[in-house]
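Me: Please take one part of this structure and go through it closely with me. I would like a connected account that I can follow on screen.

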Amino acid sequence: MNKYFLVIALSLVCIAMQAQFYVVDANGDIVYSQSEGLPAYITFEKPTKVQEEADAVDLGLSSGLLWADKNVGAVQASGWGDYYAWGETFTHYQPTETNSEVLWKEGREGYDCNTYLHCAGNGRLKKYVLSDLAAIYGYEGKADNKKEIIKDDDVASYRWEEGWRIPTKEEFQELYEECNWQWTDNYLETGVAGYIVSSKQDDNDNSIFLPAAGYWKQTDLYDVNHFGYYWTKSLAEERCDFATYLFFYEDYVGPWHNGYRYMGFVIRPVKKVAKATKNND
């Protein structure tokens, strides 16, 4: 346990919401709330990274990019994993032993603009705003001109070991064009539907499975086992409140769809392996 004085704690933010004071940690989770003022200091556990293990799969892509064998938060390839709003590194729900009940984190009840970390209210955004659209979407008309999720906001980089990150829309396009996509209703007898994505190379038997995990909007989970929604790290070009995602169902795969950034989609990380350099000695 670590004590931090609020006057010097860089990882804490105090905000007022409906006459209720909150202290928010670096994950965006409320760790203290009080109706009448704040104490001189609080005691809480520092947020820690969850070091998940995943295999990097070589599908023989032109870029040399390697794809993870499972989603962030999934125990195995057939698992849906966890759901994240675009550019957030935390879920809005608490882990539970069963899927029969959803326990929402305080101040993060559901996935919408009011619970989205980068939303300032009234549809205005505090981060990832382009200059030419700042008058429409920027908080106080401000822009940062960030077009892709930075490392600090990349949940794959945050939760996994060094090198893993969220893919770009171009990298999903490459995966779509250079691999075979086969739909299954029952992956390895697990009852999970989705796409088996395999290499087109004759000497490469590698594949990954992308579950049709559906998505969260407000307090409802939609389209599980029918549709897949996977975030890219790319901001939409026409609207700053939209980001690009891979979308698919049994008869369709589309790597460049746009949707509200606050919705909860799953994440499939990627990484590149550094090429060995020739030693001339």
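Reply: Below is a walk through one sheet and its surroundings, with a few loop residues at the end.

A word on the source: this is a predicted model, in which local features need pLDDT of at least 70 and side-chain atom pairs count only at pLDDT 80 or more, while totals for chains, interfaces and linings use all residues. Residues are numbered from 1 along each chain as its sequence is written, and side-chain values use heavy atoms, with hydrogens and water left out.

Let's begin with the layout. Three strands make an open sheet in the order 17-18-19, with antiparallel pairing. Its edges are strand 17 and strand 19 (252-260), each of which pairs on one side only. On average, neighbouring strands here are turned by 30° against each other, direction ignored. Strands (E, at least two residues) and helices (H or I, at least four) are DSSP runs numbered from the N terminus, and two strands pair if DSSP finds at least two bridges between them. In general, strands of a sheet pair through backbone hydrogen bonds, parallel or antiparallel.

Now for strand 17, residues 228-235. Because 8 of its 8 residues are buried, strand 17 is largely enclosed by the rest of the structure. Buried means under 20% relative accessible area, exposed means over 50%, and partly exposed lies in between, using a 1.4 Å probe and protein chains only. The side chains alternate: G228, Y230, T232 and S234 point one way, Y229, W231, K233 and L235 the other, and both sets are buried.

The next strand along is strand 18 (residues 242-249), antiparallel to strand 17 and joined to it by 5 bridges. You can follow the register on screen: Y230 is opposite L246, W231 has Y245 as its bridge partner, and L235 faces A243. The two strands form a hairpin, with 6 residues between them. While you are in this area, look at R239, which lies over the face of F242 at 4.1 Å from the ring centre. A charge sits over a ring if NZ of Lys or CZ of Arg is within 6 Å of the ring centre and within 35 degrees of the ring normal.

Strand 18 also has 7 buried residues out of 8, so the rest of the structure largely encloses this strand. On its other pairing, strand 18 meets strand 19 through 7 antiparallel bridges, and a hairpin with 2 residues between the strands connects them. Here F248 has V253 of strand 19 as its bridge partner.

F248 deserves a longer look. Leaving out residues up to four places away in sequence, its contacts (heavy atoms within 4.5 Å) include W183, Y195, L210, P211, H226 and Y230. F248 also belongs to the largest nonpolar core, which has 60 residues; W67, L175, W181 and F248 touch the most other members. Strand 18 gives the most to this core, with 5 residues. Such a core is a set of buried Ala, Val, Leu, Ile, Met, Phe, Trp, Tyr and Cys residues joined through side-chain atoms within 4.5 Å.

Rings are another thread to follow. Ring pairs link Y215, Y222, F227, Y229, W231, Y245, F247, Y249, Y252 and F265 into a cluster, and the structure holds 32 aromatic pairs. Rings of Phe, Tyr and Trp (its six-membered ring) pair if their centres lie within 6.5 Å; planes under 30 degrees apart count as stacked, over 60 as edge-to-face and the rest as tilted.

Across the three strands lies helix 3 (residues 169-178), running at about 165° to strand 19. Such angles run from 0 to 180 degrees between N-to-C directions, and axes are lines fitted to C-alpha atoms, for helices over the stretch in contact. The charged end of K169 sits over the ring of W256, 4.6 Å from its centre.

Finally, some loop residues. L188, in the loop between strand 12 (179-184) and strand 13 (194-199), has a positive phi of about 50° although it is not a glycine, and at 65% relative accessibility L188 counts as exposed. N122, in the loop between strand 10 (119-121) and strand 11, is another non-glycine with a positive phi, about 55°, and N122 is exposed at 82%.
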